[in-house]
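Open the model in your viewer and keep the selection panel at hand. The stops below go one by one.

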Amino acid sequence: MSTTVWAYASTNERHPALFQKIGDIVTAKDGLTSYHPRELSNTVWAYASANVQHPVLFEKVSEVVMKKDDLIIFQPQQLSNILWAYATAKVCPPDLFKHVGDKIAAKYDLESFEPQHISMTVWAYATANEHHVALFEKIQDHIIQNHGFNSFTTKNLADFAWAYTALNIDLSPLINTMLREQLIHCQNEFIEEGEQSLQELYVWHLWQTKENDNYGLPTSLQDRCKQAFLSVDPPSSRLKTDVLSQLNSMGMNPIENHRTPTGYTLDALVEINGKTIGVEVYGPSHCIGYHHSGSTQLKQRQICTIDEIVVVSVPYWEWNKFGKDRSKKQTYLQSLFDSV
């Protein structure tokens, strides 16, 4: 079963009905308890890669992993794939991330982790908005012992930089220097890198230069990263349209898709009693369960600290409570503005 879904996902062939059927079968009667680490890893990786939701499957795999006191039976690639899969699927049980982080920090020799495993792991924790102090400190120590980031690919570097930025984890001065030197060394390779990596580097540059008093990217690479960041079109949704409609009905005259000086786009900007307030509308793609995802938290933090704009958020689970009641929606929005 795990081989089948892995094969479909690896060839970018989506078959949701088949994945649903297989998920139902393997989760019935504790079928996953007989799965080996590779099978567990390949299964959740496949569902996340194919963007097929199966909450029961992810819950069952999490339970199986949590019951294993000694995770040494999992190879580093298998652990990093599991973490990546949960973060990508936006199914991130805090207990699972804590359990895995505890075991890696306490029992694993990171010499067995390749740069890709490290970057996937920290990216997953940051995406899930889960900070594990001991794990992240161990990773920094490992990189120092291995004299930096020489073996990291450009994607590994971008994911690593973004993860520490998103979680706002202080890098040691030595790690900071090593990372920046490697980014400069690879800047010509980054010029040809995909948009996502360039966007990740741009927010790292903001973190270094605006939120901290450090050196950032060299000018040529900085410009290319900002271009990539600005190229993202603001998404539209019925939820966002509804919120904007209520704001207009309240006489707020919101500025839609307002671009801030740093390059972020706010869903709306309003002026209330001489105070500028940003409005962000968060659907399921912006959240992990009922909490902000790492990227959502990062965006709101940098708009507040760098652009100095107060932001109120409208999460979908709060908004949906009001159904079609316009009065309750507008009262809710007013309460958000009153709170700032």
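How many disulfides does the structure hold? Zero, in this predicted model.

**Stop 1: the cysteines.** Select C92 and show its side chain. C92 is in no disulfide. The nearest cysteine sulfur belongs to C287, 12 Å away. Is C92 buried or exposed? C92 counts as buried, at 10% relative accessibility.

Now select C287. Seen from here, the closest cysteine sulfur is in C92. A disulfide needs the two sulfur atoms within 2.5 Å. The sulfurs of C287 and C92 are 12 Å apart, so they are too far for a bond. C287 is buried too, with a relative accessible area of 1%.

**Stop 2: a helix and its contacts.** Select residues 154–167. This is helix α9, and T154 has its place in it. Colour T154 on its own. Its relative accessible area is 11%, so T154 is buried, the cut-off being under 20%. Which residues does T154 touch, leaving out those up to four places away in sequence? Add C186, E189, F190 and E193 to the selection: T154 touches each of these.

**Stop 3: the hairpin.** Select residues 255–259 for strand β1, then residues 265–272 for strand β2. In what sense do β1 and β2 pair? They run antiparallel, over four bridges. Pick I255 and look across: L269 in β2 stands opposite.

Finish in the turn. β1 and β2 form a hairpin, with five residues between the strands. Select G263 there and check its backbone: phi is positive, about 115°.

Conventions. Residues are numbered from 1 along each chain as its sequence is written. This is a predicted model: local features need pLDDT of at least 70, side-chain atom pairs count only at pLDDT 80 or more; totals for chains, interfaces and linings use all residues. Side-chain values use heavy atoms; hydrogens and water are left out. Helices (H or I, at least four residues) and strands (E, at least two) are DSSP runs, numbered from the N terminus. Buried means under 20% relative accessible area, exposed over 50%, partly exposed in between (1.4 Å probe, protein chains only). Contact means heavy atoms within 4.5 Å. Two strands pair if DSSP finds at least two bridges between them.
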